[in-house]
Amino acid sequence: MKQISEHLFAVPVVDEETDLFESLWPLDDGVNYNAYVVRGTDGAAIIDTVHESLSDEFLSAVFQVVRPEEIKYVVVNHMEPDHSSSLSQLLEKAPNAKVVISQTGATLFSLPGDVLPVRDGDTLSLGDVTLRFVHTPWTHWPETMVTFVPEDRVVFTCDLFGAYGAYPDLSADDWDAYLLEARRYYVTVLSKYARFVSAALGKVRALQPKIIAPGHGILYSGERLEQILDLYGGWAENKAEGRILILYGSMYGSVYSKVDSLVHALESMGVTVDALDLSREDWSYAMTFVLGADAVVVAYPTYDADVFPPVRFFLETVKDKGLLAGKPIYVIEAHGWASSEQKIRALLDGLDVREVFSFSAKQPLPLDAIGALAQKLAGIVQQHA
Ligand SMILES: Cc1cc2nc3c(=O)[nH]c(=O)nc-3n(C[C@H](O)[C@H](O)[C@H](O)COP(=O)(O)O)c2cc1C
Ligand SMILES: [Fe+2]
Ligand SMILES: [Fe+2]
């Protein structure tokens with residue numbers, strides 16, 4: 001528990017048990033669930049809760065700063081269980097609490113207790129402190145909103161600006177390492193809804209917050225607050241960051257040798273390039289590289305008449321997340337007897353596939369093809385610069 005302003009307390013709990021967030025994304029260092037207490041002269045509110053596995057710890061922290069009967073509202077910014085599954089336990093202890101949720105949330109979900117749906121811009125008073133609800137739909141799910149306390153200029157954003165990792169005191173010593181975890185949270189959880197994130201960013205900026213208090217990660221203020229807002233602007237646009245990404249798989253090395261040549265050709269031209277072996281790279285980390293890539297090269301061996309599985313399934317996932325939209329894509333495909341070009345073209349349908357280079361022992365890739373590809377990629381990076 002940590003006081004963050006005159007009326008506000010943070011109640012973070014750290015989940016060190018869960019190995020995979022959403023049973024998908026590795027948590028090597030745990031994850032925070034941050035709830036908050038707002039205390040006014042006319043009652044208190046709780047902003048979000050935590051995962052039910054940590055509800056005892058959460059409730060005892062809450063009741064250090066507020067008496068159960070003082071709680072007038074429990075605000076549910078987002079219904080995903082990492083933020084809402086301690087709601088019933090909290091309501092059992094807080095007899096006077098109403099559950100405040102966006103109208104969309106009230107329509108879509110069944111909630112325990114006395115539900116008070118709020119419209120975009122609605123306010124509730126706690127005496128000397130106000131809660132203002134700003135709808136930010138699809139900043140993960142359709143019902144999501146943020147809650148603003150104008151007196152203290154603090155905005156509670158739930159998944160927006162969240163990060164993986166454990167931050168018991170809501171701060172991070174190593175900002176660069178933190179930003180990687182925030183980026184990983186963004187690509188895995190929010191990137192699918194990038195255009196809604198852009199819209200929400202405009203609404204959050206308009207509030208001119210002094211503190212951003214998310215549901216995962218740390219509290220942002222000062223320079224870091226400005227930086228996370230700027231970074232989110234770039235992420236939501238999937239803005240080119242001046243680097244080429246090669247996503248590849250290779251069983252016996254023939255594809256790898258082309259990848260290696262391409263990396264060398266690009267490096268010799270001074271182009272920043274990352275080559276990720278999708279058989280070995282964690283998907284969530286690989287996704288942080290897809291975000292912001294100027295162009296993507298996909299290289300794989302044909303496998304059972306289709307795209308090599310780690311490459312196929314990863315591409316399907318990042319395409320669904322929208323992370324490949326608008327990016328120039330080049331494909332290098334190796335086969336033994338029959339090309340899988342049609343399969344990769346179908347998989348990447350609707351995207352900007354520029355060229356597919358197919359090769360086999362009988363039909364080798366012309367020596368200068370890799371050099372010419374490197375030139376084109378370098379040209380794309382220059383164009384974006
Ligand atoms: C398990 C396995 C399955 C394969 N399936 C096909 C296939 O269905 N069609 C094809 O034309 N080649 C197939 N091949 C041949 C490879 O695509 C070809 O040898 C390729 O050059 C291997 O690239 P690599 O050395 O980078 O692993 C297969 C190879 C292996 C080892
Ligand atoms: Fe969520
Ligand atoms: Fe979340």
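# Two sheets, two domains and a ligand shell

Author: In this predicted model, seven strands form an open sheet of mixed pairing in the order E1-E2-E5-E6-E7-E8-E9.

Reader: Why is one side of E1 and of E9 left without a neighbour in the sheet?

Author: Strand E1 (2–3) and E9 stand at the edges and have a single partner strand each, so one side of each lacks a neighbour in the sheet. Strands here are DSSP runs labelled E of at least two residues, helices are runs labelled H or I of at least four, and both are numbered from the N terminus. The model being predicted, local features need pLDDT of at least 70 and side-chain atom pairs count only at pLDDT 80 or more, while totals for chains, interfaces and linings use all residues. Residues are numbered from 1 along each chain as its sequence is written, and chains are lettered from A and ligands numbered from 1 in the order in which they are written.

Reader: What makes strand E5 and strand E6 a pair?

Author: Two strands pair if DSSP finds at least two bridges between them. Strand E5 (residues 31–40) and strand E6 (residues 43–47) have five bridges in the antiparallel sense, and therefore meet that criterion. Val-38 stands opposite Ala-45 in E6. Helix H1 (residues 55–65) packs on this sheet, touching strand E2 (8–15), E5 and E6, and its direction makes about 165° with that of E2. Such angles run from 0 to 180 degrees between N-to-C directions, with axes fitted to C-alpha atoms, for helices over the stretch in contact.

Reader: Why is the β-α-β crossover from E8 to E9 called right-handed?

Author: Strand E8 (residues 98–102) and strand E9 (residues 114–118) pair in the parallel sense over five bridges, and Lys-98 has Asp-114 as its bridge partner in E9. The chain passes from E8 through helix H4 (residues 103–108) to E9 in a right-handed crossover. The word applies because, with the strands pointing away from the viewer, the path from the first strand over the helix to the second runs clockwise.

Reader: Which strands stand at the edges of the sheet that contains E12?

Author: That open sheet has six strands in the order E10-E11-E12-E13-E14-E15, with mixed pairing. Strand E10 (123–125) and strand E15 (220–221) stand at its edges, each with a single partner strand, so one side of each has no neighbour in the sheet. E10 is joined to strand E11 (residues 130–135) by three bridges, antiparallel. In their hairpin, with four residues between the strands, Gly-127 takes a positive phi near 90°.

Reader: How many residues of domain 1 are in contact with domain 2?

Author: An automatic or database assignment sets the bounds, giving domain 1 (2–237) and domain 2 (244–384). Contact requires C-beta atoms, placed from the backbone, within 7 Å. In domain 1, 11 residues are in contact with nine residues of domain 2. Helix H5 (175–190) and strand E4 (25–26) each supply at least two residues of that side of domain 1, and the largest share, five residues, comes from H5.

Reader: What makes a residue near ligand 1, and which come nearest?

Author: A residue is near a molecule if its C-beta atom, placed from the backbone, lies within 6 Å of it. Of the 17 residues around ligand 1, the nearest are Met-251, Tyr-252, Val-255, Pro-301 and Gly-336. Helix H8 (254–268) and strand E18 (295–303) are the elements that give two or more residues to this shell.

Notes:
Contact = placed C-beta atoms within 7 Å.
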